[in-house]
Amino acid sequence: MNKMEQIKILLVGAGGYAFKYISEFIDHPNDKVKLMGICDPYADKSVCYNQIIERKIPIYNTVNEFFNERKADLAVIVSPIQFHCEQSIFCLENGCNVLCEKPLCADIEQARLMREAELRTGRFIAVGYQLCFVSSIAELKKDIMSGKFGKPLEMKAIHMMRRGSDYYARNNWAGKIKSGNLLVCDSPFSNASAHQFHNMLFLLGKTMGTSTGVKAVETELYRANPNIENFDCMALRCETETGINVVYYTAHCVKSKEFGVFSEYKFENATITYSDNKYTALFKDGRTKVYDGIDTSLIQPKLYNVVDCINSNTVPICTVETATPHMQCVHMVQQNQIKPVSNVVCWQDGEVVYYSIPQLEEKLYNCYKQAALPCEIGIRF
Ligand SMILES: NC(=O)c1ccc[n+]([C@@H]2O[C@H](COP(=O)([O-])OP(=O)(O)OC[C@H]3O[C@@H](n4cnc5c(N)ncnc54)[C@H](O)[C@@H]3O)[C@@H](O)[C@H]2O)c1
């Protein structure tokens, strides 16, 4: 493709998070991208529906219908998790590169099929973990890879985001392990709070475009909300292929709207912490290096990085290979038993019903400080 050609886009999904992409395409039209069509069988439910109709953007029920009539250079897939694999592969086979929203797919076998399809078609599937596309995180990763901090010793993070009945009722797959016959594995770990865990594996990757693999996981999974199938609270310690412990705590059944992000990455010569949306490295000799702030709400860095990659015939920073270790962990975690929690508080804010584990913030923060699983330090839910 010639330099700076306008990239024709198919958007798969019109509601939910796709709102951000539609706003970008409609409110900030530019020479780099052109929205050719939207595929969503329920597009009329989208808050953007009137704008889509006003702009005469063609709507299709399936990706197949779109490709029967039109062409695209890039498919941006923001559909439910259970369709990512099939839709991504279909788009690759129709000559399109793909930007698939995280999580890559529902399980490790689907990740393998997606990688095979990338190799077979010579196109890429970029994955929308936005942190990977942020320049200050790329700088931090380069510093880690260059050995600036010495060897990594331990990585840990905690990030909890409250979710209530409106979140789980917005579709028919939130909080589910399976939706009909299709695997979804939707949980705070695979979906809403996936970023901080994925980022730790990504930062430990041997190259800019890879994440470290994982050998083993130990986890405790809890379900406080009795109306969901999967877990809504998790403590996890995994061992990477190079023997480093990566520890992560996340939950939706929490009283606070958001708790964290707190993270601490320990290296031989420095400790890197995250607060106020930025990373700071504190070296043993007292020096510090502060990285630029991160806005995790933006879609533009990932979208335009992928667009530039198509124009320059290069591969984006986060692809199937990069996202696969997280999928491996989702798969390994999902093999464990989920313990229902009986001591929960059910409360209401307006129409929205919440379930929360009392003092979960304090309890999991205590675990985080010690890099321990709750049972190991006598915390029982
Ligand atoms: N990167 C991020 O920070 C971020 C944030 C939120 C969501 N996401 C991801 O975006 C994806 C969608 O999540 P959501 O919360 O917007 O879900 P959602 O259920 O709110 O919206 C999904 C949209 O897909 C549509 N849809 C349903 N079946 C479809 C099909 N077969 N083909 C095309 N479209 C179909 C629905 O009608 C709906 O408009 C998930 O993978 C999620 O993890 C990423």
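A salt bridge here means a side-chain nitrogen of Lys or Arg within 4 Å of a carboxyl oxygen of Asp or Glu. Keep that in mind as we walk through this predicted model. Lys 302 and Glu 101 fit the rule, with N and O 2.8 Å apart. Lys 302 sits in helix H9, while Glu 101 is in the loop between strand E5 and helix H5, so this pair links parts of the chain 201 residues apart. Buried means under 20% relative accessible area; Lys 302 has 1%, so it counts as buried, and Glu 101, at 6%, is buried too.

That's one bridge, and the whole count comes to 15. Another joins Lys 266 to Glu 154, at 3.6 Å between the closest N and O atoms. Lys 266 belongs to strand E13 and Glu 154 to strand E7, so the bridge ties together parts 112 residues apart in sequence. These two also belong to a network of salt bridges with Lys 156 and Glu 264.

Now look at strand E11, residues 233-240. Seven of its eight residues are buried, so the rest of the structure largely encloses it. E11 pairs in the antiparallel sense with strand E10 over eight bridges, and with strand E12 over seven. Glu 239 of E11 has Asn 245 in E12 as its bridge partner. The side chain of Glu 239 also meets Lys 215 in a salt bridge, 3.4 Å from N to O. E11 and E12 make a hairpin with four residues between them, where Gly 243 has a positive phi of about 85°.

Finally, head to the surface. Lys 8, Lys 34, Arg 70 and Lys 71 form a positive patch. Lys 71, in the loop between helix H3 and strand E4, counts as exposed because its relative accessibility is 67%.

How values were computed
Residues numbered from 1 in each chain as written. Predicted model: local features only at pLDDT ≥ 70, side-chain atom pairs only at ≥ 80, totals over all residues. Heavy atoms only, no water. Patch = residues over 30% accessible without salt bridge, like charges linked within 9 Å, V, L, I, M, F, W, Y side chains within 5 Å. Areas by Shrake-Rupley, 256 points an atom, 1.4 Å probe, with all protein chains shown as cover. Lys, Arg positive; Asp, Glu negative; His and termini not counted. Charge placed at Lys NZ, Arg CZ, Asp CG, Glu CD. Helix = DSSP H or I, 4+ residues; strand = E, 2+ residues; numbered from the N terminus. Buried < 20%, exposed > 50% of the residue type's maximum accessible area, 1.4 Å probe, protein only. Pairing = 2+ DSSP bridges.
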